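Let's take a walk through this one together. Have the model open and keep it turning as you read.

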Amino acid sequence: MLLEQHKEAVLQLLSDPKLLEEHVNLALKTLKEQNIEETDLSDASEADETDRLGEKLFSLVEQMDPLHANDITGMLLEMDSASLQQLLSDHTKLEVAVQKAQAVLDAES
């Protein structure tokens with residue numbers, strides 16, 4: 001950031017410690033703000049991804065167990081995204097996961 005300036009500006013910064021400190025602090029503040037924005041965006045995209053996976057998952061679970069589809073989908077959504085992707089791509093794994101969730105629900109009843 002600081003070194004992207006023209007040569008004259010960099011030389012001036014190097015010759016004036018107070019000015020250099022001000023510019024370094026400004027650069028740090030800017031970087032922190034950008035990092036916060038990126039974190040917010042990644043959190044939002046993760047939430048969007050979970051929503052998207054949840055909708056796909058719900059429609060499949062609803063075909064297997066319409067009565068408990070909400071509860072089972074909620075339980076499955078506690079898994080990480082990679083595991084959810086596997087469930088969506090492998091119907092057998094999804095059936096096993098739904099059966100396990102049904103067993104937990106039955107045990108709670």
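What share of the contacts in the protein with a separation of 6 or more comes from residues 24 or more positions apart? The figure is 48%. Keep in mind that this is a predicted model. As for what those contacts hold together, the protein has five helices and zero strands, so to read it from the N terminus is to read α-α-α-α-α. There are 109 residues in the protein, and 19% of them count as buried.

Let's start with helix H3, which covers residues 69-76. Its buried residues are Ala 69, Ile 72, Thr 73 and Leu 76. Why do these four belong together? They sit on the same side of H3, because the arc they cover around the axis is only 100 degrees. Asn 70 is found in H3 too, but this residue is exposed, with a relative accessible area of 60%; the cut-off for exposed is over 50%. Asn 70 also gives you a handle on another part of the chain: its C-alpha atom is 7.1 Å from that of Phe 58, and the two residues are 12 apart along the chain.

Now move along to H4 and H5. In general, two packed helices are described by the angle between their axes and the distance between the axes. Here, the axes of H4 (residues 81-89) and H5 (residues 91-108) come within 5 Å and cross at roughly 110 degrees. Angles of 65 to 115 degrees count as roughly perpendicular, and that is therefore how H4 and H5 lie to each other. On the H4 side, Gln 86, Leu 87 and Ser 89 make the contact, while H5 brings His 91, Lys 93, Leu 94 and Ala 97. Sort the contact residues of H4 with H5 by class and you get three nonpolar, three polar and one charged.

Stay with H5 for a moment. This helix has 18 residues and reaches 26 Å from its first C-alpha to its last, close to the 26 Å expected at 1.5 Å a residue. Which of its residues are buried? They are Leu 94, Ala 97, Val 98, Ala 101 and Leu 105. These residues cover an arc of only 100 degrees around the axis, so they end up on the same side of H5. Spin the helix to the face turned away from that buried side and you'll meet the exposed residues Thr 92, Gln 99, Lys 100, Asp 106 and Ala 107. Two of the names on the buried list, Leu 94 and Ala 97, also take part in the contact with H4.

How values were computed:
Residues numbered from 1 in each chain as written. Predicted model: local features only at pLDDT ≥ 70, side-chain atom pairs only at ≥ 80, totals over all residues. Heavy atoms only, no water. Axes fitted to C-alpha atoms, helices over the stretch in contact; angles between N-to-C directions. Helix = DSSP H or I, 4+ residues; strand = E, 2+ residues; numbered from the N terminus. Parallel < 35°, antiparallel > 145°, perpendicular 65-115°, else oblique. Contact = heavy atoms within 4.5 Å. Nonpolar A, V, L, I, M, F, W, Y, C, P; charged D, E, K, R; others polar. Expected span 1.5 Å × (residues − 1). Buried < 20%, exposed > 50% of the residue type's maximum accessible area, 1.4 Å probe, protein only. Arc of directions from axis to C-beta.
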